[in-house]
Amino acid sequence: MPADDTQNSAAGSATAMRSDLCGHLNSDDVGRCVTVCGWVDRRREHSEHLAFVDLRDHSGVLQCVVDGARDLRAEYVVAITGTLRLRPEGTANPALPTGDVELQDCDVELLSRAEPPPFPLDERTEVDETLRLRHRYVDLRKPRMQRNLRSRAAVNRAIRRAMDAQGFVEVETPMLIASTPEGARDFVVPSRKEPGAFYALPQSPQIFKQLTMVGGVDRYYQIARCLRDEDLRADRQFEFSQLDVEASFVQRDDVLGFVTTAVAEATAEVTGHDPETFDRITWLDAMERFGSDKPDTRFGMELVELTPIFADTKARVFQAPCVKGICLSGGAESLPRSRIDELVAMCQRWGAKGLAWMRVATADPASDSSNEDAAASGASGLILEAGVAKFLSSAEAAAVISALDAKVGDMVFLVADERRLVRHVLGLLRLELGRPPVNDGSFNYLWVLDFPLFEGLNAQGEPIPSHHPFTMPHEDDLPMLMPPDGPLSGEDLLQIRSQAYDLVLNGWELGSGSVRIHRRDVQQRIFEVLGIAADEAQKRFGFLLDAFRYGAPPHAGFAVGLDRLTALLVGEENIREVIAFPKTQSGADPLTDAPSPIAETHLQELGLRVLPPA
C-alpha cells in the first residue's frame, strides 16, 4: 500500500478533541456532525459575516464555512465542529481530495494564536534553506515534508516486517564505543569519569554485529543510528540511519536475497509498485561500461573500448594506454560550441588532458576526400567531422563509428589516458550528458559485486581497503593474500578481489556489505598489510580477535542507507528533505545553533581545555 495515509476516518489515531482528520472526509460522510482540528491554511471572505476557512492537518485540507471568522489568521490552531455537506453545485474543487464537501454550521474554538510564519507554506515559493531549518517546526507543516516523513516511517515499517518474517532478531548495539577505523573521522565524547579518555560515536555497528554472530544470535538486524565526521553532500549527513544486517552460516547470495526482499517491500510500501528486478554486475564491468562503481542504468550511453583501434595510430592525442568513447544521440544538433567548450573544461577539471569530440555526418561524394576537417569512414557512408576528426585515418574513423554504433547527427566523445582516469572522466561526462532527474519515476536497482579488496596505496605504499578491514578476500584470491613464499608487493595486492557487494539505485549507492573474515589468521594478515602492527591490532581490535578464538561462524552482512532510499523513493534530490531535523551542508544546525561552545565549568569537569585555532 502506498505510504500516504488512506484510512477513511481518524479511528485509531483520533483523540477526544477531534472525531476525524481533515483529509479523510468525503461524500460518504455527508450529514455527519464532526470535529476537526488543525492550522488555518487560509481564510477567504465570503460575505460580511461568513468566511471560507481552509483547515489543514497532516492528512489534508478541509473547507469550513465559518460565521464571524475575522479574528482567524493563518497558522492559528483551532478546533471546528460542524455538519459535513456537499458543496453547492459548480463550487467543487477537483484539485482537493475533499473538494466536493465542506463543513457548515461551524463552531470554532481557538486553541492557539500564531504570529505570521517566517515564510509561506506553499510549495510555489522558494525559501532559503537556512531560514527553513531555523524554523524547521514550521517547515515540517508543508504537505511535502509531511509526505516525506510518513514515507520514511513506511520504509522503516516495511523493513521491520520483512526482516522479522525472514527470522532476524532486532538487537540494539551501543552508541558509546572505542574508536575504530571505518573510513571517516569519529565523533568523540569525553569521559567525565576518566579525564583524558574518550568514547567514539559509532560510524556503524560493524564489530558489534559480528560479535553477535560469535554469540550465536544467527540473524541480526537493527535500524541503526550512525555518525561520521565527513564532508556533507546531497547524500550525506553527520547523522544517518541504516538497516544493518548480519547472518551466520550464509553466503553472499543469501544476504543479497535478504536485503532484496526488505528493500522491495519498502519500495512497494511507499510507491505502490514492486520492483521487478535487481540486476547484477561485477565491479570491473561497471567501471569499464559506466565509469562508476555506482552506475545509473536508467539510460544507455555506455563507455566503449576503443584502445585496439588506435594501437598503431599516428594521432598523438590517441597514443595512450587506454582510449574509450561515448556517443550522444542527436548531440551534433543539440550541443552548441559554447556547451562543448564547457564540457572540455569540465573534463580537464576532472583530471583529463582534454576531451576529443567529433560530429557524425553523411559523406558527400562530390566533396574533396582530402578535406582536413573530416575523416571518411568508408563503406558506411558516414564521416566524422570537426573537433579532432582531421587527425584520424579513414580506417580509424570507420572503426570508431562502428564501435560506437553512431548515426548521422550524433556526437562522439573520446578520452585517452591511463585506464583509471579514462573511466573516471568519461563516467562523469556520461552523467553530465544523459542522467535523468531523480524523480523520473523509475527505480533501477543494481547489485555491484566482486569489488577489489584494496582500492589503492597510501603515501607509505600500504593498501587502502575498498570497504573496511573486516571483508573476506575472494576465495580464489586468498592464496595471493597469504602466499607460502612470502608477502606480495603493494601493487600485487591491488589485484585481489573481495567478497564485497554494493546495492545501487539510480546512480546512488544505497549501501555496502560483504562476507566477513571469521578466521583470526586472515584478520591478522589484513591488519599486517594495512600497516597495523600486531600490538596495535591487539590494542584496538583485541576484543574481536579474541572472540575469534572461541568459535566464530562464517557470517556475512549488509547495511542500507535509509535516508538515501527514502529520498529516492519520494523523488528528492537531497536527503535533508527526508530528515526531520538535518544539518546544513556546512554541518550547522540553525535551529539550535549547534555546534556551540560549552561552559568553562563543564570543560573543567571533563578535564579539557580549548586551544585557539592553529
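Tutor: Accessible areas here come from the Shrake-Rupley method with a 1.4 Å probe, and for residues only the protein chains shown count as cover. By that method the protein exposes about 29,800 Å², with carbon and sulfur atoms supplying 50% of it. This is a predicted model, in which local features need pLDDT of at least 70 and side-chain atom pairs count only at pLDDT 80 or more, while totals for chains, interfaces and linings use all residues. Residues are numbered from 1 along each chain as its sequence is written, and side-chain values use heavy atoms, leaving out hydrogens and water.

Student: Why is Cys-22 called buried?

Tutor: Buried means under 20% relative accessible area, exposed means over 50%, and partly exposed lies in between (1.4 Å probe, protein chains only). Cys-22 has 0%, so Cys-22 is buried.

Student: What makes Thr-307 buried?

Tutor: Its relative accessible area is 19%, so Thr-307 is buried too. Thr-307 sits in the loop between strand E12 (304-305) and strand E13 (322-328). Strands (E, at least two residues) and helices (H or I, at least four) are DSSP runs, numbered from the N terminus.

Student: Which residues does Thr-307 contact, leaving aside neighbours within four places in sequence?

Tutor: Contact means heavy atoms within 4.5 Å. With those neighbours set aside, Thr-307 touches Pro-321, Cys-322, Val-323 and Arg-419. Its side chain also reaches the backbone nitrogen of Val-323 at 2.9 Å.

Student: Why is Cys-22 not bonded to Cys-64?

Tutor: A disulfide is a covalent bond between the sulfur atoms of two cysteines. The rule asks for a pair of cysteine sulfur atoms within 2.5 Å. The closest cysteine sulfur to that of Cys-22 is in Cys-64, 6.6 Å away, so the two are too far apart for a bond. Cys-347 is in no disulfide either, as the nearest cysteine sulfur, in Cys-322, is 14 Å away. The count by this rule is 0 disulfides.

Student: How do you know that strands E22 and E23 pair?

Tutor: Two strands pair if DSSP finds at least two bridges between them. Strand E22 (residues 508-515) and strand E23 (residues 555-561) are joined by 5 bridges, and they run antiparallel. Within this pair, Ser-512 stands opposite Ala-559 in E23.

Student: What makes E6 and E11 edge strands?

Tutor: The open sheet has 8 strands in the order E6-E9-E10-E23-E22-E21-E18-E11, with mixed pairing. Strand E6 (169-170) and strand E11 (278-282) each pair on one side only, and that makes them the edge strands.

Terms used
A polar contact is a pair of N or O atoms within 3.5 Å; within protein, one must be able to donate a hydrogen and the other to accept it, and residues adjacent in sequence count only if both atoms are side-chain atoms.
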